[in-house]
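Visitor: Could you pick one residue here, look at it closely, and then work outwards until I can see how the rest fits around it?

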Amino acid sequence: MEDDWITVIPGPGEVAEVARALLALAASPAHVRTDGNGSEFRIPPYLADLYSPAPAPRKRPAKKKEGDE
C-alpha cells in the first residue's frame with residue numbers, strides 16, 4: 001500500500017547522495033521511487049525507519065573569559 005509511503009526531500013546538491021543511501025538500505029530498488037521531477041523520493045515506512053540522515057552538528061556558544069559579560 002503506497003498511501004503510507006513517506007516523501008524524502010534532499011537538500012540542495014544532495015539528491016545523488018540520498019539516492020545512493022536509500023538504495024543501499026532498500027530491500028528492493030523498486031522501494032525507492034522518484035517524485036517531484038526526480039528531486040524527491042517516495043519510500044515505504046520500513047525504509048524511512050532505516051534511513052535517518054545524520055543531524056547537523058550543533059554549534060556551542062563560545063566560552064566566555066572570566067570578567068567578560
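**A close look at R33 and its surroundings**

Guide: R33 is partly exposed, with a relative accessible area of 35%; on this scale buried means under 20%, exposed means over 50% and partly exposed is what falls in between, using a 1.4 Å probe and protein chains only. Before going further, bear in mind that this is a predicted model, in which local features need pLDDT of at least 70 and side-chain atom pairs count only at pLDDT 80 or more, while totals for chains, interfaces and linings use all residues. Numbering starts from 1 along each chain as its sequence is written, and side-chain values use heavy atoms, leaving out hydrogens and water.

So where does R33 sit? Its place is in strand β2, residues 33-35. Helices (H or I, at least four residues) and strands (E, at least two) are DSSP runs, numbered from the N terminus. The protein has two helices and three strands, and from the N terminus on they run β-α-β-β-α.

Now the neighbours. Contact here means heavy atoms within 4.5 Å. Leaving aside anything within four places in sequence, R33 is in contact with E2, W5, E40, F41 and R42. R33 and L22 are 11 residues apart in sequence, and their C-alpha atoms are 10.0 Å apart in space.

Step back one residue to V32. With sequence neighbours within four places set aside, V32 is in contact with L22, L23, A26, F41, R42, I43 and L47. V32 also belongs to the largest nonpolar core, whose 10 residues are V8, V18, A19, L22, A26, V32, F41, I43, L47 and Y51. Such a core is a set of buried Ala, Val, Leu, Ile, Met, Phe, Trp, Tyr and Cys residues joined through side-chain atoms within 4.5 Å. In soluble globular proteins, nonpolar side chains tend to be buried together.

Which elements feed this core with two or more residues? They are α1 and β3, with α1 giving the most, three residues.

That makes α1 worth a detour. In this helix, residues 15-25, V18, A19 and L22 are buried. They sit on the same side of α1, because they cover an arc of only 100° around the axis, the arc being that of the directions from the helix axis to the C-beta atoms. What they pack against is β1 (6-8), β3 (40-43) and α2 (45-50). Over on the other side of α1, E17, R20 and A24 are exposed.

Two further residues of α1 fall in between. A21, also in helix α1, counts as partly exposed because its relative accessibility is 28%. The C-alpha atoms of A21 and Y51 are 7.8 Å apart, with the two positions 30 residues apart in sequence numbering. L25, likewise placed in α1, is partly exposed at 36% relative accessibility. L25 joins Y46 and L50 in a nonpolar surface patch of about 250 Å². Patches take residues with over 30% relative accessible area and no salt bridge, joining like charges within 9 Å and nonpolar side chains (Val, Leu, Ile, Met, Phe, Trp, Tyr) within 5 Å; a salt bridge is a side-chain nitrogen of Lys or Arg within 4 Å of a carboxyl oxygen of Asp or Glu. The areas come from the Shrake-Rupley method with a 1.4 Å probe, and for residues only the protein chains shown count as cover.

Back to β2, and on into the loop between β2 and β3, where N37 lies. N37 has a positive phi of about 65° although it is not a glycine. Most residues other than glycine have a negative phi. N37 is exposed, at 82% relative accessible area. S39 is found in that loop between β2 and β3 too, but is partly exposed at 33%. Not counting residues up to four places away, S39 touches P10 and V15.

Finally, D4, in the segment before β1, is 9.8 Å from R42 by C-alpha atoms, with 38 residues separating them in sequence. R42 is one of the contacts of R33, which brings us back to where we started.
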